[in-house]
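Please open the model in your viewer and keep the selection tool at hand. The stops below say what to select next and what can be found there.

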Amino acid sequence: MQLTYLEAIRQGIWEEMDRDPSVFCLGEDIGIYGGAFKVTDGFIDRFGPERVIDTPIAESAIVGAAFGASLTGMRPVAEFQFMDFIGCAFNQISNMVAKTHYLWGAPAPLVLRGPSGGYVHGGPFHSQNPEMWFVHNPGLKVICPATPYDAKGLIKAAIRDNNPCIFFEHKYLYRRIKGEVPTEDYVVPIGKANIVREGRDLSIITYAAMVHSALEAAEILSKDGIDIEILDLRTVSPLDREAIAKTVKKTNKVIILHEHSRTGGLAGEIAAIINEAAFDVLAAAGGALLAQSERRGSRSPQTEGILILKTNKNM
């Protein structure tokens, strides 16, 4: 079945609510209105206002309520209208949700989900990629799917997981891409990367919307005989260290591509993993060349093994 990225997420949540009565949704305008992007459209008619709960515009209250419910055995799926405003609940997420298991071994099976990313002319308050704020917090799983298949499989896996999961949905992909999604029940394992394109000459390690940018670039380069391999991380915490090392060892050259801020973004961590696990196989080992997609940085003799690209046209 061909589904859009948005419909795949919607279908995944719907199926989990049908399967498990402990799953419920809460968030701003998710009920009668169906959510800012209509992910929960029709949910209130099927599951009722007790399981599809409209909340005030108060992100800290949404997370607090979801967290409390998760401690009682419920499985809340909390929506942020835009992930930019997840910072309003930072204390609840980082100092309570992320710490519960460590402090007294209690599971906190909740999902915090919503749209992130640029390319939609949303400006500084509706175009951010705040995933790294939470990668830095032990105790959280951070998920960034790129395809409808992964979006559905990962949202279902996140809802079933006993750990708190933060699920970033790239809004640029919502209605722009379609893909085959099985009609039967399935999950995509959290923490496992996926090779979306096999290649031999160079690896691109990326995630979310940049997977599609990488695929476009690979098709262009293939006309010049350059065969690109693309690794979609799918989840950024935990990272699939084994898959990262494996693709670098295969091609000996790597581009790390992401949409997050250049400073403090995921590329630095990936570069560190490569240096630890595959430094000796790099075709020109050493350091990392930082560059904007619009303007390539200058090359130095110490930075020829890894190329890091950061791109976000809106930010």
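**The central strand**

Begin by selecting Gly 114 together with Phe 168, which stand opposite each other, the latter in strand β7. Before going further, note that this is a predicted model, in which local features need pLDDT of at least 70 and side-chain atom pairs count only at pLDDT 80 or more, while totals for chains, interfaces and linings use all residues. Residues are numbered from 1 along each chain as its sequence is written, and side-chain values use heavy atoms, with hydrogens and water left out.

Now select β5 (residues 111-116) and β7 as whole strands: 6 bridges join them, and they run parallel. Strands here are DSSP runs of E with at least two residues, helices are runs of H or I with at least four, and both are numbered from the N terminus. Colouring β7 by burial shows 6 of its 6 residues buried, where buried means under 20% relative accessible area, exposed over 50% and partly exposed in between, with a 1.4 Å probe and protein chains only. Cys 165, Phe 167 and Glu 169 are the buried residues on one side of β7, and Ile 166, Phe 168 and His 170 are those on the other.

Next add β6 (residues 141-143), which runs parallel to β7 (residues 165-170) and is joined to it by 3 bridges. Val 142 has Ile 166 in β7 as its bridge partner, and Ile 143 has Phe 167. If you also show helix α7 (residues 148-160), you have a right-handed β-α-β unit made of β6, α7 and β7; right-handed means that, with the strands pointing away from the viewer, the path from the first strand over the helix to the second runs clockwise.

**The whole sheet**

Widen the selection to the 7 strands of the open sheet, whose order is β3-β2-β4-β5-β7-β6-β12 and whose pairing is mixed; two strands pair if DSSP finds at least two bridges between them. At the edges stand β3 (52-54) and β12 (235-237), each with a single partner strand, so one side of each is left without a neighbour in the sheet.

**A buried arginine**

Return to β5 and select Arg 113, which lies in that strand. Is Arg 113 buried or exposed? Its relative accessible area is 2%, so Arg 113 is buried. Leaving aside residues up to four places away in sequence, its contacts (heavy atoms within 4.5 Å) include Ile 9, Ile 13, Glu 79, Phe 167 and Glu 169.

Two of these contacts, Ile 9 and Ile 13, lead to helix α1 (residues 5-19), which has 15 residues and reaches 21 Å from its first C-alpha to its last. Among the buried residues of α1 are Ile 9, Arg 10, Ile 13, Glu 16 and Met 17.

**Backbone details in the loops**

Move to Ser 237 and Pro 238, which are joined by a cis peptide bond with omega of about 5°; Pro 238 lies in the loop between β12 and α9 (241-251). Then select Arg 234, in the loop between β11 (228-232) and β12, where phi is near 70°, a positive value in a residue other than glycine. Arg 234 is buried, with a relative accessible area of 8%.

Finish at Asp 29, in the loop between β2 (23-27) and α2 (43-47). Asp 29 has a positive phi of about 60° although it is not a glycine, and with a relative accessible area of 40% Asp 29 is partly exposed.

Conventions: Expected span 1.5 Å × (residues − 1).
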